[in-house]
Amino acid sequence: MDHNEFQLLPGDFTGLEADLTPEEKGLITDLRSYLERDVRPVIDEHWEAATFPREIVAGLASAKVVGLAFEETRPFANSAVFRGWTALELARVDASVATYVGVQNGLALGAIGLCGSAAQRERWLPALASGEIVGAFGLTEPGSGSDSARGLTTTAELVGDEWVLNGAKRWIGNATFAHIVVIWAKDVADGQVKGFVVDTSLPGFTATKIERKVSLRIVQNADITLDNVRVPADAKLEHANSFKDTARVLRQTRAEVAWLATGIAVGAYEAALAYAKERVQFGAPIAARQLIQERLVDALGLITSSITLCVRISQLGDADVQRDEHSALAKAVATSNMRQVVALAREVCGGNGIVVDSGVGRFFADAEAIYSYEGTREMNTLIVGRSITGHAAFV
């Protein structure tokens, strides 16, 4: 890796990415090269067709962006701030690719890394990090999203030396081609939510692709049905014994979704800036016009706000003092800022902004899904509100 090749992004106006270590900058530089060479040229076609480029699974594993947080799989010791920047770098090229990595890395691998036994970590983490197997994370249900802590209806019953799972899950990314899914279910014996590593080839497990999406079309979301799916006793994650354990996983991934949202904003801004410099009207590039500059500066200000917040929240993670309300605030603010930035970028491109070829249209559409997943803005606002007032306003 030639660390001298590292360059700041146009959207990183205050140069915060420059604070990464030389090793971290080297991985970022290699990741950018891979994304520009192998992902960006094909991604619009896959978005249009609502297909996932399966060949990138191995490429992303080779780029070493999966398993960065755990000793068994990381290429070198690194920070939560760095891991946030990798999410931004992925999303500035494509939100769906960043979402795939978020599911494989933060949710599936992360759940096993945080809640698994030593034997479970040894078995699954290297296989997930290498791309040998694809993972998914089954929490959301058809009738339970924001209220997963209370409203989960999928059940797990210990029968002899097996757990029997019954229920349904919805919006599960990667599930149509995953080898394993971490399923969260209520133990009928004690009513506590527990996590299970489920082999998708088992009888009674069905994953059906959700069609006709207008956002994150590349992500292969699925409805999952669990009909008396029997898993061995050691499929239960040893340290996943209540929803508090589920929340530990979500706290980390929610902070990285804030980074992902910021990456979408950066990608849309970069595309709009390039368009404004090339598009000529009334004898000059539209970048020379005051109203266009105002939109670009407004977008850059929102991005800078999001990056600054994300860096600080991840620093709290590195110091092991990050709380639920911290990641919730980052996700709520970053996704709100993202929504404004993609709209400003679309305006800069005029009518051309609604087509994928503009470089902005895909970000504009994909932002809507990111705005809602990993906790809606409303729910994250209430998490922060509970923290600052001492009153829970969820019901």
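What is the volume of the second largest pocket? The second largest pocket has a volume of about 220 Å³. The model is predicted. This briefing covers that pocket, the largest cavity, strand β4 with its partners, helix α4, and a few single residues.

**Second largest pocket**

- The lining of this pocket counts 13 residues.
- Nearest the centre of the second largest pocket lie R123, W124, V197, V198 and D199.
- Three elements each give two or more residues to this lining: α5 (118–129), β5 and β7 (222–232).
- Sorted by class, the lining of the second largest pocket holds 8 nonpolar, 2 polar and 3 charged residues.
- V198, one of the residues nearest the centre, also takes part in strand pairing, as it stands in β5 opposite V181.

**Largest cavity**

- Rolling a probe the size of a water molecule over the atoms reveals where empty space remains.
- The structure has 1 cavity of 30 Å³ or more.
- The largest cavity holds about 40 Å³ of space.
- Two or more lining residues come from each of α2 (56–62), α4 and α5.
- α2 supplies the largest share of the lining, with 3 residues.
- The residues lining the largest cavity include V57, L60, A61 and V66.
- Y100, Q104, L128, A129, S130 and G131 also line the largest cavity.
- By class, the lining of the largest cavity has 7 nonpolar residues, 3 polar residues and no charged ones.

**Strand β4 and its partners**

- Strand β4 spans residues 180–187.
- β4 is mostly covered, with 7 of its 8 residues buried.
- Which strands pair with β4 in the parallel sense? Strand β1 (residues 135–138) does so over 4 bridges, and strand β2 (residues 155–159) does so over 2 bridges.
- On the β1 side, F137 has V182 in β4 as its bridge partner.
- On the β2 side, A156 has D187 in β4 as its bridge partner.
- Strand β5 (residues 193–199) pairs with β4 in the antiparallel sense, over 7 bridges.
- β4 and β5 form a hairpin, with 5 residues between the two strands.
- In the turn of this hairpin, G191 has a positive phi of about 75°.

**Helix α4**

- Helix α4 covers residues 95–115.
- Where does α4 bend? The bend is at L109, by about 35°.
- α4 is mostly covered: 19 of its 21 residues are buried.
- At the start of α4, D94 places a side-chain oxygen within 3.0 Å of the backbone nitrogen of S96.
- α4 is also among the elements that give two or more residues to the lining of the largest cavity.

**Positive phi outside glycine**

- Most residues other than glycine have a negative phi.
- A50 is not a glycine, yet its phi is positive, at about 60°.
- A50 sits in the loop between α1 and α2.
- Is A50 buried or exposed? A50 is buried, because its relative accessible area of 13% falls under the 20% cut-off.
- N228 also has a positive phi, near 55°, and is a residue other than glycine.
- N228 lies in strand β7.
- N228 counts as partly exposed, because its relative accessibility of 47% falls between the 20% and 50% cut-offs.

**R83 and E55**

- R83 belongs to helix α3 (residues 80–91).
- Why does R83 count as buried? Its relative accessible area is 16%, and buried means under 20%.
- R83 and R251 are 168 residues apart in sequence, and their C-alpha atoms are 14 Å apart in space.
- E55 is in the loop between α1 (22–49) and α2.
- E55 counts as exposed, because its relative accessibility is 52% and the cut-off is over 50%.
- E55 and A367 are 312 residues apart along the chain, with 24 Å between their C-alpha atoms.

Technical notes
Residues numbered from 1 in each chain as written. Predicted model: local features only at pLDDT ≥ 70, side-chain atom pairs only at ≥ 80, totals over all residues. Heavy atoms only, no water. Buried < 20%, exposed > 50% of the residue type's maximum accessible area, 1.4 Å probe, protein only. Pairing = 2+ DSSP bridges. Bend = angle between axes of the 7 residues up to and from the residue. Polar contact = N/O pair within 3.5 Å; in protein donor to acceptor, adjacent residues only side chain to side chain. 1 Å grid on protein atoms, 1.4 Å probe; cavity = no way out; pocket = protein on both sides within 12 Å on 5 of 7 lines; lining within 4 Å. Points joined across faces, edges and corners; volume = space filled by probe spheres on them. Nonpolar A, V, L, I, M, F, W, Y, C, P; charged D, E, K, R; others polar.
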